[in-house]
Amino acid sequence: MEQEKVTRKLFSCAKIKTSQYKEEGNNKNNIEKIITIIFFITVLLTIIFYRYKSILNIFFDKNGDFQWVGVTSIVAILTFGYSIYSTNKKNKYDIISKERIRWINDVKQQIAELLVLMNKYDNIVRKCSAEGRFQLSTNTPKQLKIRNKYHKEANLLIEDISFKINILLLSFADNPDNEQIISCIEDASNWVDSFYMYWNWCPNPFVDVTFLYDNVPIQNLMIVSRDYLNREWHKAQKGK
C-alpha cells in the first residue's frame, strides 16, 4: 500500500530585513540641531539688544569707544555658569553611562550565548536531516534511530536555551519601544519548542511525514539585537 505523503511545517516567522532600531542620519541631525541653536541665539540677542539698548553701554564708553572689559566680564560670567552646568551634567552622565554600559554588556553576553546555543541546535537538526536522506522524516527504522541519536544531543541544549531566553525576557521592560526585540526572543523560544512535534513523532506505516523548518528566528534575533544594542550604546555615551 502506497504511503500518504504529508508535510508538517514547524514554527516560522517573517524575515526582518531592517529592524526598527537601526540608526540613520545621526550626523545630519546633529548639524541641523547646531544650526537651529545658533539661529535662535542670534535672534534672541538681536531682540535683547534692540529692546534694551542700554545694554550697549556695557561695551561702549561715553565717548563711543569699545570697552573690552565689558566683553571680558560677560565671558567670565558665561564661563562660570557653563562650568557649573558642565560639571553637574558630567556627574549625571557618569552615573547613567556606567550603569547603562554595564547593562548593555550583560545583555550582549546573554544574547551572544543564546545565538551560539541556537546555532548548535540548528546544526544538530541539519545533521539529522542530512543523515535521514535530506529530509526530516521519521518513518523508517533507520531514520528513527538517527532521530533518537540527535534528539539526545538536542535535549542537552534545551535547558541552557530556556534559561537564556528567560533571563533576556526579564531584562527588557514591557513597553512599545522594546516590542520588536521581545518578539524576537519569544520567536526564538517558539522555534525551539516547535521541534517537540518532530522529535516525538511516532512512525506510521501509512503516512510518510516530512517536517519543514528554517532558521529565520535566529537571523531575526541577530539583526534586531545588534541594532538595538548599538543604539543603546550611543545613548549611553550621551548619558541617556
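Here's a quick briefing on how this chain is put together, from overall layout down to a few individual residues. Keep in mind that this is a predicted model. The protein has six helices and three strands, and 32% of its 240 residues count as buried. Much of what follows is about parts of the chain that sit far apart in sequence and still meet: among contacts with a separation of 6 or more, 79% are between residues 24 or more positions apart.

**Overall layout**

- Reading from the N terminus, the elements go β-α-α-β-α-α-α-β-α.
- The accessible surface adds up to about 16300 Å², and carbon and sulfur atoms own 59% of that surface.

**The strands S1 and S3**

- S1 covers residues 4–9 and pairs with S3 in the parallel sense, with six bridges between them.
- Within this pairing, arginine 8 stands opposite phenylalanine 211 of S3.
- S3 is largely enclosed by the rest of the structure, because five of its six residues are buried.
- S3, spanning 207–212, is also among the elements that give two or more residues to the largest nonpolar core.

**The largest nonpolar core**

- As background, nonpolar side chains in soluble globular proteins tend to be buried together.
- Here the largest nonpolar core holds 43 residues, and the members touching the most others are Tyr121, Ile161, Phe172, Trp191, Phe195 and Trp199.
- Besides S3, the elements that give it two or more residues are H2 (68–131), H3 (141–171), H4 (179–193), H5 (196–199) and H6 (216–237).
- Helix H2 gives the most, with eleven residues.
- Tyrosine 121 is a good place to start browsing: leaving out residues up to four places away in sequence, it touches Ala154, Leu157, Ile158, Ile161, Trp191, Val192, Phe195 and Trp199.
- Several of those partners, including Ile161, Trp191, Phe195 and Trp199, are themselves on the list of core members that touch the most others.

**Aromatic pairs**

- There are nine aromatic pairs in the model.
- One of them joins phenylalanine 172 and tyrosine 228 in an edge-to-face arrangement, at 5.4 Å centre to centre and with 75° between the planes.
- This pair bridges distant parts of the chain, since phenylalanine 172 is in the loop between H3 and H4 while tyrosine 228 is in helix H6, 56 residues apart.
- Both phenylalanine 172 and tyrosine 228 are buried.
- Ring pairs also connect Tyr21, Trp103, Phe172 and Tyr228 into a cluster.

**Two buried serines**

- Serine 19 is in the loop between S1 and helix H1 (26–51).
- With a relative accessible area of 5%, serine 19 falls under the 20% cut-off and therefore counts as buried.
- The side chain of serine 19 makes a polar contact with the side chain of aspartate 227, at 2.7 Å.
- Setting aside neighbours within four places in sequence, serine 19 is in contact with Gln180, Ile223, Val224 and Asp227.
- Of these, valine 224 is 205 residues away from serine 19 in sequence, yet the two are 5.3 Å apart in space, C-alpha to C-alpha.
- Serine 225 belongs to helix H6 and is buried too, with a relative accessible area of 4%.
- A polar atom of the serine 225 side chain lies 3.3 Å from the backbone oxygen of methionine 222.
- Apart from residues up to four places away in sequence, serine 225 touches Ile111 and Ile181.

**Buried and exposed helix residues**

- Alanine 236 sits in helix H6; its relative accessible area is 0%, so it counts as buried.
- Alanine 236 and lysine 98 are separated by 138 residues in sequence, but by 7.9 Å in space, C-alpha to C-alpha.
- Tyrosine 196, by contrast, is in helix H5 and counts as exposed because its relative accessible area is 60%, over the 50% cut-off.
- Tyrosine 196 also has a long-range relationship to point out: leucine 10 is 186 residues away in sequence and 9.5 Å away in space, C-alpha to C-alpha.

Conventions. Residues are numbered from 1 along each chain as its sequence is written. This is a predicted model: local features need pLDDT of at least 70, side-chain atom pairs count only at pLDDT 80 or more; totals for chains, interfaces and linings use all residues. Side-chain values use heavy atoms; hydrogens and water are left out. A nonpolar core is a set of buried Ala, Val, Leu, Ile, Met, Phe, Trp, Tyr and Cys residues joined through side-chain atoms within 4.5 Å. Buried means under 20% relative accessible area, exposed over 50%, partly exposed in between (1.4 Å probe, protein chains only). Helices (H or I, at least four residues) and strands (E, at least two) are DSSP runs, numbered from the N terminus. Contact means heavy atoms within 4.5 Å. Rings of Phe, Tyr and Trp (its six-membered ring) pair if their centres lie within 6.5 Å; planes under 30 degrees apart count as stacked, over 60 as edge-to-face and the rest as tilted. Accessible areas come from the Shrake-Rupley method with a 1.4 Å probe; for residues, only the protein chains shown count as cover. A polar contact is a pair of N or O atoms within 3.5 Å; within protein, one must be able to donate a hydrogen and the other to accept it, and residues adjacent in sequence count only if both atoms are side-chain atoms. Two strands pair if DSSP finds at least two bridges between them.
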